[in-house]
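Student: Please take one part of this model and look at it closely with me, and then show me how its surroundings are put together.

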Amino acid sequence: MINKENQAKIVLTLRHNIDVESDITLGISEIVSLCKITDNNDVRKLSSSIELIEELKTLSAPSKAIKLLTHNIRKKGVIGLIISNTNVICYEALIRLSAFTQDVYLVNEREISLTQQLVKKLSVVQSEPAEKMIAYGISLSSLLDYSTKMVFHRDKGLNANSLLNELINYLLYEKQPSKASYSIIKEAIAAKKTSLYLTHELHLYKGKFFPRMARSLINRFLPDGKGVVGDPFVGSGTALLEAALVGHQSIGVDVDPTSVLISSHKLTPASIDPDLILEVCSKINVAVYGNGNPDLFSSTGYTIDNWASFRINAPEPMRGRLIKRGKEEGYNLLGEIEDDSAKVLCLINQVPIHLQPLMRVCLSHALTKKLRLRFVGIGNGRFTIDVAKVRVLDLFVKKISHLVAISEVFYWLKSNGLLIPLPEVIKGSAKDFDALLSNRKVDLILTSPPYIPASSGREHYARARAIPLIFTGAATLEELDYLDEAFIGEMSAQVDTLHLEKSMPQHVRETLTFLRNDQQRLPKYLPTLNYYVDIEKVLHSTKKSLSDSGKALFVVGSSHTFYVHKTKEILHTVDAVSAMAELGEKAGLNVDEIIHIPLKKSGNLNARPRSTDDYSESVVVFRK
Ligand SMILES: C[S@@+](CC[C@H](N)C(=O)[O-])C[C@H]1O[C@@H](n2cnc3c(N)ncnc32)[C@H](O)[C@@H]1O
């Protein structure tokens with residue numbers, strides 16, 4: 001007998017800015033899991049707006065709901081889904097959690113009573129037409145996407161908190177926004193590149209997760225909102241922020257002090273008063289540029305008069321490199337960076353103490369953006385530096401101004417009932433992940449390990465990154481000397497593990513054999529062997545840290561090719577997925593599933609030879 005509640009039907013649209021069609025598979029599996037759909041016949045794909053409108057009309061959707069669901073849909077491919085035999089719980093999960101859902105329509109024969117404050121805020125519930133109950137609304141993840149645009153318009157005096165309310169009123173109730181807000185709201189809804197919302201962009205960081213992918217994987221494997229998420233290679237903390245937004249406790253580990261600094265403070269803006277950030281930002285503006293309104297706040301302002309006492313000397317080899325570059329360009333580049341950093345440190349010293357670590361993240365971001373490094377060669381520590389024209393001081397002030405709107409968005413989320421658990425970040429090695437958890441277990445590991453050392457450009461070479469590390473106090477000079485050794489995938493790793501090669505699984509051995517027999521790539525042989533030995537240790541530790549039904553998701557670039565630079569002829573392809581799967585099995589884990597995620601190619605297809613080859617990531621799903 002069909003339960004009356006199950007006679008409900010849902011029509012949803014997918015986010016209009018999903019670029020890669022195959023991402024839809026990821027989206028559908030997330031939605032199926034969130035809605036606990038067991039029968040595939042209950043899900044039907046919609047491929048055109050005509051089909052969507054027809055369906056909504058058949059379901060007697062009121063014109064406002066039709067307008068909402070058809071206002072900005074995908075131009076091709078699957079644009080939405082229809083779910084039959086569903087219920088209100090599914091509707092609530094889609095609104096609150098789903099990464100791929102944009103707008104949702106629910107029709108039911110029974111009364112619809114929404115249980116969650118946030119879902120109520122994002123929904124309209126009504127009992128017209130007669131005898132049917134309907135609800136329609138916008139997903140929180142699309143709202144977060146929309147909020148990214150608000151961050152960049154905060155200087156116009158528009159509070160992100162009020163803008164979000166105006167946007168909801170516009171989309172759900174067709175209430176015209178104020179003149180000042182209208183263009184921002186329009187731009188926010190139509191924007192394509194919006195996935196780096198809240199603090200995902202707090203600090204420049206290459207190779208981070210796509211937040212949408214991270215969120216959908218968390219939803220898929222922990223659909224009930226319960227469970228602890230762990231990331232032993234936490235990096236910039238993408239997984240932690242997404243876990244927190246869908247209500248999970250989370251724990252991250254990283255060996256890199258910069259990663260620890262960033263990921264520990266990714267959620268700090270969620271617990272600070274937006275007015276305080278606004279005040280700090282305003283005082284910084286006055287101190288740096290002399291503009292703003294110093295009388296706006298009763299407490300005294302900041303000054304950079306004493307900045308000279310905060311000056312720190314940049315360590316070698318960056319020091320020498322910057323002196324040389326400055327000479328070439330005809331100005332004192334090193335002096336500018338050291339002076340600007342001292343001014344920033346002088347300002348940081350005056351902000352309330354609990355905000356100081358967050359401000360240091362902003363300084364680290366400014367320095368990382370100012371000096372972009374690119375490693376060249378085969379792991380001898382050689383690198384080139386791109387120097388941005390914009391000054392460190394300006395980059396810092398700009399970042400702080402973004403924090404104002406970001407903290408307002410967090411404030412909006414919390415005041416509308418979203419509970420955001422704060423993550424825990426521990427500095428240490430992924431090889432000791434279980435020990436660092438001190439007897440706690442995690443239910444889902446979502447992580448992306450470093451690339452194999454064979455793929456150049458990913459070296460750590462802490463001394464080259466010394467300026468942000470030392471200037472922010474994240475590392476000491478002494479630490480820099482042994483920091484590299486702690487990194488997995490470091491080219492300088494020369495530990496003698498030769499005897500372990502023969503016990504390595506097949507796909508690992510294939511790559512090692514190739515490297516050993518290729519004169520040019522021989523220097524990569526031992527670091528690569530060490531890399532795999534270390535990854536096996538991580539997988540061991542992962543197993544120990546998992547709860548009984550826990551899963552570990554290792555996200556890896558599917559393959560890496562070695563080719564002849566001139567002719568582009570492929571010499572060897574590393575099957576990174578098989579290597580990871582086999583190593584996991586060697587460490588006592590079981591492979592449950594492998595999820596392929598094709599990626600969009602980068603804009604510059606001529607950037608490097610073979611850059612036009614298909615590239616994808618894969619998620620190796622392990623269970624105990
Ligand atoms: C690909 S990044 C992870 C990026 C992350 N998923 C994100 O979204 O920002 C790999 C990370 O592994 C870290 N790492 C390298 N060796 C490590 C080790 N022995 N223990 C823990 N983390 C390590 C690096 O510092 C880097 O942050």
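Tutor: Let us start with helix α3, whose buried residues pack against β1 (8–14), α2 (49–58), β4 (101–108), β6 (133–138) and α7 (160–173). Here α marks a helix (a DSSP run of H or I, at least four residues) and β a strand (a run of E, at least two), numbered from the N terminus, while packing rests on contacts, that is, C-beta atoms placed from the backbone and lying within 7 Å. This is a predicted model, in which local features need pLDDT of at least 70 and side-chain atom pairs count only at 80 or more, while totals for chains, interfaces and linings use all residues. Residue numbers start from 1 along each chain as its sequence is written.

Within α3 (residues 63–70), the buried residues are Ala65, Leu68 and Leu69. They lie on the same side of α3, because they cover an arc of only 90° around the axis, the arc being that of the directions from the helix axis to the C-beta atoms. Buried means that 20 or more other C-beta atoms lie within 10 Å of a residue's own, exposed means 12 or fewer, and partly exposed falls in between. Asp19, in the loop between β1 and α1 (23–34), is a contrasting case: Asp19 counts as exposed because it has 11 other C-beta atoms within 10 Å.

The helix also has a place at a domain boundary. The domain assignment, an automatic or database one, gives domain 1 as 8–138, domain 2 as 140–193, domain 3 as 218–267 + 420–462 + 483–623, and domain 4 as 270–415. Between domain 1 and domain 2, 15 residues of the former are in contact with eleven of the latter. On the domain 1 side of this boundary, α3, α4 (88–96) and β6 each supply at least two residues. The C-alpha centres of these two domains are 22 Å apart.

Next comes the largest nonpolar core, a set of buried Ala, Val, Leu, Ile, Met, Phe, Trp, Tyr and Cys residues joined through C-beta atoms within 7 Å. The core has 183 residues, among which Ile10, Tyr105, Leu106, Ile218 and Phe396 touch the most other members. Its greatest contribution, 15 residues, comes from helix α16 (392–415). Leaving aside residues up to four places away in sequence, Leu106 touches Ala8, Ile10, Val88, Tyr91, Ile112, Ile134, Ala135 and Tyr136.

Finally, consider a sheet elsewhere in the model. Seven strands make up an open sheet with mixed pairing, in the order β11-β8-β7-β12-β13-β17-β16, where two strands pair if DSSP finds at least two bridges between them. Because β11 (424–427) and β16 (590–598) stand at the edges with a single partner strand each, one side of each has no neighbour in the sheet. Strand β17 (616–623) pairs antiparallel with β13 (546–557) over seven bridges, and eight bridges join β17 to β16, again antiparallel. In β17, Val621 stands opposite Leu553, Val619 is the bridge partner of Val555, and Glu617 stands opposite Ile597. Helix α22 (576–586) lies across β13, β16 and β17 and runs at about 15° to β17; such angles, from 0 to 180 degrees, are taken between the N-to-C directions of lines fitted to C-alpha atoms, for helices over the stretch in contact.

Methods: Contact = placed C-beta atoms within 7 Å.
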